[in-house]
Amino acid sequence: MSLSPVEGVALAEIESSADAGGPAAKGVVGRSPGQLAWLRLRRDRTAMVSGVLLIFFMLLGLAAPLIEMVYGIGPREQFQSLLDGFGMPLGYVGGVNGEHWFGLEPGLGRDIFIRLIYGLRTSLFIAFAAAVITATIGIVLGALAGYLGGWLDAVINWITDLTLAMPFLIIALALTPTLTLRFYGERGQVSSAFGVGVLIAVFAVFGWTSTARLVRGQVIALREREFVEAAKASGAGLGHMLFRQLLPNIWAPILVSFSLAVPQFITSEAALSFIGVGLSDETPSFGRMIYRSLDFLQTDPAYVFFPGITIFALVFAFNLFGDALRDALDPKSSR
């Protein structure tokens, strides 16, 4: 009897436990590959710490309106009376006090803490939305190319190579103003939703290629296996073959790719916002905050410190968790 890769991994884990006198040798029922990966992930302290930190950041982003209600200050409120004649916050460390926990922005006097919370919400929404869209496009195109092959595989590979050859930054710089002029004109007030949508669209156009190539390679490696031939012989259709036979056996690398794509989109969003692409200054964003803080590095270093350390901790936690997840899903890993 031929086993799929998922079943083979689970059987290998059970046999290794039995050889070592583990739970399987004592008559305990074997676990699925997902359960085995979860057990390995729980034993990894780095994964647990980074996972808790990510959950904390996500809760902050989701609860931004509630935090604003409790905090009593909105992201667009200005406190010009708390600035001196040069536009610098009164007090120490950029105006940090009991009412403004991270101080105020020089010049405009907006509260840094509440803008950080909403900036976190913006970055996570853009990153997750772009990751879901790009993963979906990459999975569908990669699975079709790998399973069907032939002219469809050649066309999808040609489109992939063409997309990879396009300069991402240059196209993003050219596309965003063009779309803005097309929908809003020269004097129109660009909405936050439009800027967010443009960034997600730009990421979706360029971000699916790595997932498509990953899925294509995995599907090509599996399409000649016995369990696939058995499903074909039983009269299974294309949808059943892709979503019931092949994709369940390659979900681990897809999940790892997704977890590592999210921090890439977070840093890309911050970089594009830093150079003024996509998001306006009215939309809370790490990139815009860091850009505005460059003029105050010596006079108000706290302004750049808080958004800088926040985005660093967020991306670092995502990368650590992605690496730990990859090790947990790899049965040959030594961790």
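This passage describes one helix and the aromatic pairs of a predicted model.

Helix 11 spans residues 238-246. Its buried residues are Met241, Leu242, Gln245 and Leu246. Viewed down the axis of helix 11, these buried residues fall within an arc of 120 degrees, so they line one face of the helix. They pack against three named helices: helix 5 (112-148), helix 9 (209-222) and helix 10 (226-233).

Aromatic rings were examined next. A pair of aromatic rings is described by the distance of the centres and the angle of the planes. The structure holds 15 aromatic pairs. Phe128 and Phe258 form one of them. Their ring centres lie 6.3 Å apart, with 45 degrees between the planes, and the pair is tilted. Phe128 belongs to helix 5, while Phe258 belongs to helix 12 (residues 251-274), so the pair ties together parts that are 130 residues apart in sequence. Phe128 has 27% relative accessibility and counts as partly exposed, because the partly exposed class runs between 20% and 50%. Phe258, at 24% relative accessibility, also counts as partly exposed.

A further pair is formed by Phe296 and Tyr303. The centres of these two rings are 6.3 Å apart and their planes meet at 50 degrees, so this pair is tilted. Angles from 30 to 60 degrees count as tilted. Both Phe296 and Tyr303 are buried, which means that each has under 20% relative accessible area.

Aromatic residues also form a cluster. Tyr71, Trp101, Phe102, Phe113, Phe305 and Phe306 make up this one cluster.

Methods:
Residues are numbered from 1 along each chain as its sequence is written. This is a predicted model: local features need pLDDT of at least 70, side-chain atom pairs count only at pLDDT 80 or more; totals for chains, interfaces and linings use all residues. Side-chain values use heavy atoms; hydrogens and water are left out. Buried means under 20% relative accessible area, exposed over 50%, partly exposed in between (1.4 Å probe, protein chains only). Helices (H or I, at least four residues) and strands (E, at least two) are DSSP runs, numbered from the N terminus. The arc is that of the directions from the helix axis to the C-beta atoms. Contact means heavy atoms within 4.5 Å. Rings of Phe, Tyr and Trp (its six-membered ring) pair if their centres lie within 6.5 Å; planes under 30 degrees apart count as stacked, over 60 as edge-to-face and the rest as tilted.
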